[in-house]
Every structure is written in C-alpha cells, then in structure tokens.
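Here is an informal walk through one protein model, sheets and helices before the odd spots in the loops. Have the viewer open as you read.

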Amino acid sequence: MQQNPEYKKNYEAMFERQCAMETSQQLFFEKYTHQEVVHFHDVVKERLDIPVILDLIDQHDVVFVCTDTGSGKSTSIPKALVELSTETRVVSTQPRRTATVAIANRVAMLRREQVGEDVGYWIRGDKKGDEQTRLWYMTSYTLLLRLLENPEEIPYTHIVLDEFHEQQPDIEVMVALLRLALRSGKSKFKLILMSATLNTGDWEDYFSGLKVATYKQSEPEHPIHDYFLEDVCTLMGFDYTVPEQLMEKRVVEKSIMDKHLYIAQNLIMFLNNMSLPNHSILVFLPGRAQVEAMQALLLQQLRHRVDAIPWHSAVELTEIEAAMKRQSPNLQKVYLATDIVEVSITLPDVVFVIDLVLVKRPKISKEKPASVLYPPLVTQWVSKGSIAQRRGRVGRVQQGFHFCLFPAAQIATLADHPQSPIENSRIDELSLHCLQIVSNPVAIFSICHNQPHIETIASSMNTLTHLGCIIDAKDPMAAGERVPEIYAEHHTHWSSLILSSAQAEAEVEVDEYLYTFIGRMLQLIPVSPQSGMLVYYGFLTGLESLMILAAAVTSSLSPSPLAPRRRAAAASTSRVRWRRRRTRCAPCAAACAATSWRS
C-alpha cells in the first residue's frame, strides 16, 4: 500500500502542509510575543496636526480630512473647533447611534465634564444637551431633520460629517442642501468631511465654485500583521483550494460562504487556545443570521472560554456599552459583528480582526421590478475601502492581527468603493421629509452627488400618494387638501432656489406636489410612512397604544428584540406564549402579548 503512487502523493502533500503549518505558527507566535496588555480605558493617542487642519478650515469653505483609521479625527477635530472661542457652535455626525453616543461620552471625558453640558448627543429617541451645548454629536438623519426645519438659518459655525464614505441617502441630501447654502452666500459656516477611505477627486469637482482643501495623513501608530485566506489556511493546516475569479459571479455562492464560515470558526478556536483572555477578537460577519449562528456555536463549544457578544442593528445600545466595559478575567471577548462596527468605534482590547469580506445589503435591479418595491438583501463581497475600515479596528493602541478571508491575488478585483446606498434603497420616508422645503423631492435628488434610480423615485411618490401623504398640485382635489397652517412660508425662497438649481443641472421640468395633513403628521413620527399610518389609524379608532406597538414592531423588523442577559428567561417565556397564539403576523403577536400582559 505504501508503494501506491496516489498514497505517496497524498502523504507528501500532507507532510508539506504540516511543515508549512509549523513554520507559519512559529512566525505567528514570534509576532504575538510582542503584544502588550492594554485596558479598555487607556487613552488613544491622537496623531493629527491640529493647527494645520484648523488653518485649512479657517481659510476654506469645504475641507476634506482623509486620515488613517484610529488617528483621532472623530474626537480631536470637533473638540479643537469648539475650543476656538465661546461663540463656536459645532455639530458632528455619525452614521450609527452607537458611535454617536460613544464618541460624545469620550469627548466629554477628555474635557472633564458630564455629557449634556458643553458636549451633548442627539439621536432619535434620546437627547442629552440643551441650548447651552456648543458641541453636538448627532446621527446624520437627526441633523438632516433639523436642517429641514429651517435651512435658511443654520445654527452652527462648523458642520462635521464623519465617516463620509458611507454616503447614506440622508447624507447625500444633506450635502446637497449644505452645498446650496454655501453657494447662496446666506449661511456662514464651515463644512468638514472626514473619512479614512474617501475618493476625494469626484467630490472636489462637486464643490466647484467654493474654496476646497484636502488634508491627508496615513501613518499607522502600531504594526498590523496581515493574513489572507491562503495564509490562514496554511496557519491552520487546511487543505483548501482557493476558488478562482470570485468576483466574476454576481452573487456569493452559499457553499463558498459556508466554507469561509467554517474557517472562521476554527480560527476563533485557534486564537482562543493560543492567546491571552484579555486580547479580544472582532469577527465581521455578513448579517444578523450569521452572527446568531456563530454565537450559538461558540456557546456550545467554548461556553467557559469565551464571552460571545453579538453586535448588529437590533442589539440595544446599553448592551453594547455594558459588554465593552465588562471585565471577565478568564473569558476572552469575541465580538460578532456586522458592518455596523466598521466606523468610529475604538476597542482598545481588540487584538485580532477576522474579516469574512462579506456583507448583506439591499440590491435594486432594474430587470426585477419587485426589487424596487422590496429591495432584497444580497450577500456580496465588500470593497477595498471597507476592508481598510475593518483592518483599522486594530493597530490603534497596540499591534494587531488582521485575518482577511479573501485571496491576496484577487484583492485587486474588488471594487475600490461600495456602490452608493441611495441607488439601492427605498426612499419613501426621505422623500416625505424633503417635501417640507420643496414641492418635489426629485428636485433635491437631481442635485445630489449620487442619485436614486428613476424607478425608485416613481415608486416612492406612488406609495406616498396612495397613503394619502401627498397629492399632485394639478389634481382638482389639491386645493381642498392644502392646509395653510402646516406650511412654513419661510421655505418659499429655499424651495425656488432648489427648483432653479435642479432645472439648471438636470434640465428637466419638475412636477409639484403638496403634502397633506396626514403627510405632515407622518413627518413628525420617527417611523416609515407605512408604519406611521398604523399610528394614525390607531388614534382614529381609539387603539393608539396597540397601533404604536405594532408600528414599533414593523419598524424594528422583529417582535422579539434581543433582551439583556438579566431578561433572557422572561423574553424566552414571552416568545413561547406568542407562538401559542397561533399567529404568524408579528404585529398581531405583539398585540396579543400586550393585551395579555395588561389583563
């Protein structure tokens, strides 16, 4: 049998893998021996030339700040601006609620004050600060809603849009309005756009006619050791042939994703066996389903060795904050996260990042009309910019290891930057809010840097019309639907300015719409128009409490939000009771649970 050529070939291949694995692990341990012990509250060093940045901001209308992740731009630049004088009023935006609150707390700590004094934050459903607050941290959508209230009187001297590369639909609209305000000359403020991976070329052209400057710096503070898919397979001793031309296929095959998830699982176990418990692991997974599956697996196999922390949009902010501060001497923290953790959060205890290079995002296809109404979540490979963001989660306060589960030779085939989200998103709620200042959201979208599909805009306007939120100005019923008291007359000039600018840039005639009384009500409710109608009908029928609950359930996409550990048993019991109601409708199940609890 030993003389069998096939057996000999397999034996030699196995022996080569074994030797390569031992060499790779030896090199890994040599690098890891230089690791430091850094605690959660250790201060992150700021690596920016603040005087130079402040000078650029003072002399220009728009300044791009492009620095490496972890350079301290999110904290140091707004902090430096507010300390220029007592007359300075600064607002800094973040795309995520978690980052908004965390950075506000950090800046307040650096200034040795409580959040809500000079430094505050403002997100949907929570606000700390008052008229005396001079530095606001807001989510981008919150700032947009404030600007839409009265765009002619912007109350800030400096507006900082952080993590600008994400370019969510609300960011696109907000930048278009701010550019128009700067060009009109009626508002005096400075616009600062910050990112680690932004392609500034196109955006500099977008701000033509204004004074624009760019500050760039990329100097890693600590070394980051990179391992690609083939390196990880060698480190683990896996016999895995890397697929060729992964980017040629439009979708990520489930078989490939399952193999990469298997590699990630074994890599977590390897790192848990070979590293200290206080050196945490951050794993980037495609979506919530993969996060929960990986969490269940770790709880089953490494219950007494790791502290598995799920981190996605449905996890409560307080749970994340508590998990980051939690000290477990004998448990290694493993953050299981979606792309929500790509931005602004510094985790000093994280030493290892495992990146599956995958993400689930909505995708609109013109060939599939149904995707316009209900954009499906599609698993896809991330861009080079997203890999850089994820890699930047380590190397901030100590050396780190980045495990990129994608072939090194194929990295060049990835897109430089992700496709603009506005091209693959429903914009019903955004369109309704835009009607506060202009008679047709098409006018605003046409002056944005990136625009939504025409089919998406038409679908949104059709949806709002059927809901009774808006009505065509040419409709014979329009005069009766118009309620003068709900219209802000001071927006007339701003509306004409947007319309004239849209007609000049897009060279199209724009139809006019009026928002109705129902539309105005839904503008004030922090949910989508469809969910807002539930609240509206609830007040009409006297079932406002149940309808508010139903709207909350449909907005959160789940009737069973993740409960903190202390309420896990109660949450499980509640879910069982809901199932016994034999209903598959999430709002109805929530209503049953609420009425049962009241009785």
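Let's start with an open sheet of six strands, ordered S9-S16-S13-S10-S12-S11 and paired in the parallel sense. At its edges stand strand S9 (224-227) and strand S11 (306-311); each has a single partner strand, so one side of each lacks a neighbour in the sheet. From one strand to the next, the twist averages 15°. Keep in mind that this is a predicted model.

Inside that sheet, strand S13 (residues 350-355) pairs with strand S16 (residues 400-404) in the parallel sense, over four bridges. If you want a residue pair to click on, Phe-352 has Phe-401 in S16 as its bridge partner. Over at S11, helix H11 (residues 317-325) lies across S11 and strand S12 (332-337), and it runs at about 150° to S12.

Now for the other sheet. Eight strands make an open sheet in the order S4-S3-S5-S2-S6-S7-S1-S8, and here the pairing is mixed. Strand S4 (126-128) and S8 take the edge positions with a single partner strand each, so one side of each has no neighbour in the sheet. The twist averages 15° from one strand to the next.

The two ends of this sheet are worth a look. At one of them, S3 and S4 pair in the antiparallel sense over three bridges, and Tyr-121 finds its bridge partner in Lys-128 of S4. Elsewhere, strand S1 (residues 62-67) pairs with S8 in the parallel sense, over six bridges; the bridge partner of Val-65 in S8 is Tyr-215. Which face of S8 is covered? For strand S8 (residues 212-217), the covered face carries Ala-213, Tyr-215 and Gln-217, while Val-212, Thr-214 and Lys-216 are on the uncovered one.

Helices pack on this sheet too. Helix H2 (residues 50-59) touches S1, S6, strand S7 (190-195) and S8, and its direction makes about 165° with that of S8. H3 lies across S1, S2, S5, S6 and S7, running at about 140° to S5.

H3 also has a helix partner. Helix H3 (residues 73-82) packs with helix H4 (residues 97-110) at an angle of about 55°, and their axes are 10 Å apart. The two helices are therefore oblique to each other, and H3 passes H4 in a right-handed crossing. On the H3 side, the contact is made by Ser-74, Thr-75 and Lys-79, and on the H4 side by Ile-103, Arg-106, Val-107 and Leu-110. Sorted by class, that contact has three nonpolar, two polar and two charged residues.

How many of the ten residues of helix H5 are buried? The count for helix H5 (residues 140-149) is seven, so H5 is largely enclosed by the rest of the structure. The buried ones are Ser-140, Tyr-141, Thr-142, Leu-143, Leu-144, Leu-147 and Leu-148. Their cover includes strand S2 (90-94), strand S3 (119-123), strand S5 (135-139), S6, H6 and H14.

On to the loops. Most residues other than glycine have a negative phi. Glu-163, not a glycine, has a positive phi of about 50°, and Val-357, also not a glycine, has a positive phi of about 60°. Glu-163 sits in the loop between strand S6 (158-161) and helix H6 (169-184). Val-357 lies in the loop between S13 and strand S14 (358-362). A third loop residue, Gln-410, is in the loop between S16 and helix H14 (428-434). Setting aside its neighbours within four places in sequence, Gln-410 is in contact with Val-242, Pro-243, Glu-244, Gln-245 and Leu-246.

Here is how these loop residues rate on accessibility:

| Residue | Relative accessibility | Status |
|---|---|---|
| Glu-163 | 7% | buried |
| Val-357 | 0% | buried |
| Gln-410 | 11% | buried |

Each status follows because buried means under 20% relative accessible area.

Finally, the whole chain. The protein chain has 23 helices and 18 strands, and buried residues make up 52% of its 599 residues. Of the contacts with a separation of 6 or more, 78% come from residues 24 or more positions apart.

Technical notes: Residues are numbered from 1 along each chain as its sequence is written. This is a predicted model: local features need pLDDT of at least 70, side-chain atom pairs count only at pLDDT 80 or more; totals for chains, interfaces and linings use all residues. Side-chain values use heavy atoms; hydrogens and water are left out. Buried means under 20% relative accessible area, exposed over 50%, partly exposed in between (1.4 Å probe, protein chains only). Two strands pair if DSSP finds at least two bridges between them. Axes are lines fitted to C-alpha atoms, for helices over the stretch in contact, and angles run from 0 to 180 degrees between N-to-C directions. Angles under 35 degrees count as roughly parallel, over 145 as roughly antiparallel, 65 to 115 as roughly perpendicular and the rest as oblique. A crossing is left-handed if the near helix is turned anticlockwise from the far one by less than a right angle, and right-handed if clockwise. Contact means heavy atoms within 4.5 Å. Ala, Val, Leu, Ile, Met, Phe, Trp, Tyr, Cys and Pro count as nonpolar, Asp, Glu, Lys and Arg as charged, and the others, Gly among them, as polar.
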